[in-house]
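Subject: Structure handover

Hello,

Here is the structure I said I would pass on, followed by notes on what turned up in it. Please have it open while you read, since the notes go residue by residue in places.

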Amino acid sequence: MQINGGVRFCEQGMKASIRAMHLQSEVLGIINENVAGFDKVGFQRREPVVSSFTEYIGVHGLSSTIDDQPGRIMVSKNPLDISLANKGYFQVQTPQGVKLTRDGRFKLDKLGNLLDLEDNAVLSDAGMPIRLPVVPDNASQVVINSKGKINVFDKTTNHLVEAGDLGIVDSNGMAVLNPDVKQGYNEYSNVLIQNEFLAIKPVVRNFEANRQIFMMENQNLQKVISQLGSVS
């Protein structure tokens, strides 16, 4: 007795072509988002990840990962613009919960609370909103060192007063020991435009190849239908 085993898969070419074009369209969408985020502060590019057997499962085999490499750091005129030269994230308290971000464009309200551009509280390393013990006359009186320690100038004593530490963590929520904080700088995206455009070319070629196959299959199907009609 002979036992034959194996996996066989048979499917119409048109379905396979449509599935492949859908997949390539989603990959192009990720690349386009990277290009659009080139000049955004704190933006991190996404890397498309195509798993095995995507020719069978289509777009369900597509995922993406975040490129957590630091971006381009540029000088800012605002002392409350903070950037990270190493990997890590600031923590801000939003109505939906704690959010991790590399956008360090902060501001102070009248009470001395440190906020992001959307008025969310910036959290300390203890997980509490940061509030300066002294409300400064201007942002230049706030000093932040490379470890994220915040000090504010108290004009009544002519001394710097400690105001806490920025809560800087990695993607898993663990504290970053050496974030290399830069005060007075903005970090723009880590997107390299030339690399994104180079990544587009093979995706477009694959899309075009599947489009041609779809058109050929469609033409053959039309011929079969017309021949069946003439015979009947």
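Ile 144 is buried, because its relative accessible area of 9% is under the 20% cut-off. Before going further: this is a predicted model, and the values below are all computed from it.

Ile 144 belongs to strand β10, which covers residues 142-144. Leaving out residues up to four places away in sequence, Ile 144 touches Ile 82, Lys 149, Ile 150, Leu 166, Val 181 and Gln 183. A further distance for your notes is the one to Ala 163, which is 19 residues away in sequence and 9.8 Å away in space, C-alpha to C-alpha.

The loop between β9 (121-122) and β10 holds Ser 124. Is Ser 124 buried or exposed? Its relative accessibility is 10%, so Ser 124 counts as buried. Beyond its neighbours within four places in sequence, Ser 124 is in contact with Gln 91, Ile 130, Asp 165, Leu 166 and Gly 167. Leu 166 therefore appears in the contact lists of both Ser 124 and Ile 144.

The whole chain

The protein has 3 helices and 15 strands. Its radius of gyration is 27 Å, whereas the globule rule gives 17 Å for 232 residues; the value is well over the rule, so the protein is more spread out than a compact globule. Along the principal axes, the C-alpha atoms fill a box of roughly 100 × 50 × 30 Å.

Of the 232 residues, 34% are buried. The accessible surface comes to about 14300 Å², and carbon and sulfur atoms account for 55% of that. Among contacts with a separation of 6 or more, 58% are between residues 24 or more positions apart. On charge, there are 23 positive and 25 negative side chains, and the centres of these two sets lie 5 Å apart.

Helix α1

Helix α1 runs over residues 13-36, and Asn 32 is in it. Asn 32 has a relative accessibility of 44% and so counts as partly exposed. How far apart are Asn 32 and Ile 200 in sequence and in space? They are separated by 168 residues in sequence and by 9.0 Å in space, taken from C-alpha to C-alpha.

Gln 24 is also found in helix α1. Unlike Asn 32, which is partly exposed, Gln 24 counts as buried, at 13% relative accessibility. Once residues up to four places away in sequence are set aside, Gln 24 touches Val 203, Asn 206 and Phe 207.

The aromatic pair

How many aromatic pairs are there? The count comes to 1. The pair consists of Phe 90 and Phe 106, in an edge-to-face arrangement with 5.2 Å from centre to centre and 80° between the planes. Phe 90 is in strand β5 (residues 89-94), and Phe 106 is in the loop between β6 (97-101) and β7 (107-108), so the pair ties together parts that are 16 residues apart in sequence. Both rings belong to buried residues: Phe 90 has a relative accessible area of 1%, and Phe 106 has one of 3%.

Backbone points to check

Two residues other than glycine with positive phi are worth listing. Asn 158 has phi near 60°. Asn 158 sits in the loop between β11 (149-154) and β12 (159-165), and at 55% relative accessibility it counts as exposed. From Asn 158 to Gly 71 the C-alpha distance is 37 Å, with their positions 87 residues apart in sequence.

Asp 180 has phi of about 55°, again positive, and is not a glycine. Asp 180 lies in the loop between β13 (168-169) and β14 (181-183). Where Asn 158 is exposed, Asp 180 is partly exposed, with a relative accessible area of 21%. That puts Asp 180 outside the buried class, because buried requires a value under 20%.

Regards

Conventions: Residues are numbered from 1 along each chain as its sequence is written. This is a predicted model: local features need pLDDT of at least 70, side-chain atom pairs count only at pLDDT 80 or more; totals for chains, interfaces and linings use all residues. Side-chain values use heavy atoms; hydrogens and water are left out. Helices (H or I, at least four residues) and strands (E, at least two) are DSSP runs, numbered from the N terminus. The radius of gyration is taken over C-alpha atoms; the globule rule is 2.2 Å times the number of residues to the power 0.38. Buried means under 20% relative accessible area, exposed over 50%, partly exposed in between (1.4 Å probe, protein chains only). Contact means heavy atoms within 4.5 Å. Accessible areas come from the Shrake-Rupley method with a 1.4 Å probe; for residues, only the protein chains shown count as cover. Lys and Arg count as positive and Asp and Glu as negative; His and the chain ends are not counted. The place of a charge is taken as NZ of Lys, CZ of Arg, CG of Asp or CD of Glu. Rings of Phe, Tyr and Trp (its six-membered ring) pair if their centres lie within 6.5 Å; planes under 30 degrees apart count as stacked, over 60 as edge-to-face and the rest as tilted.
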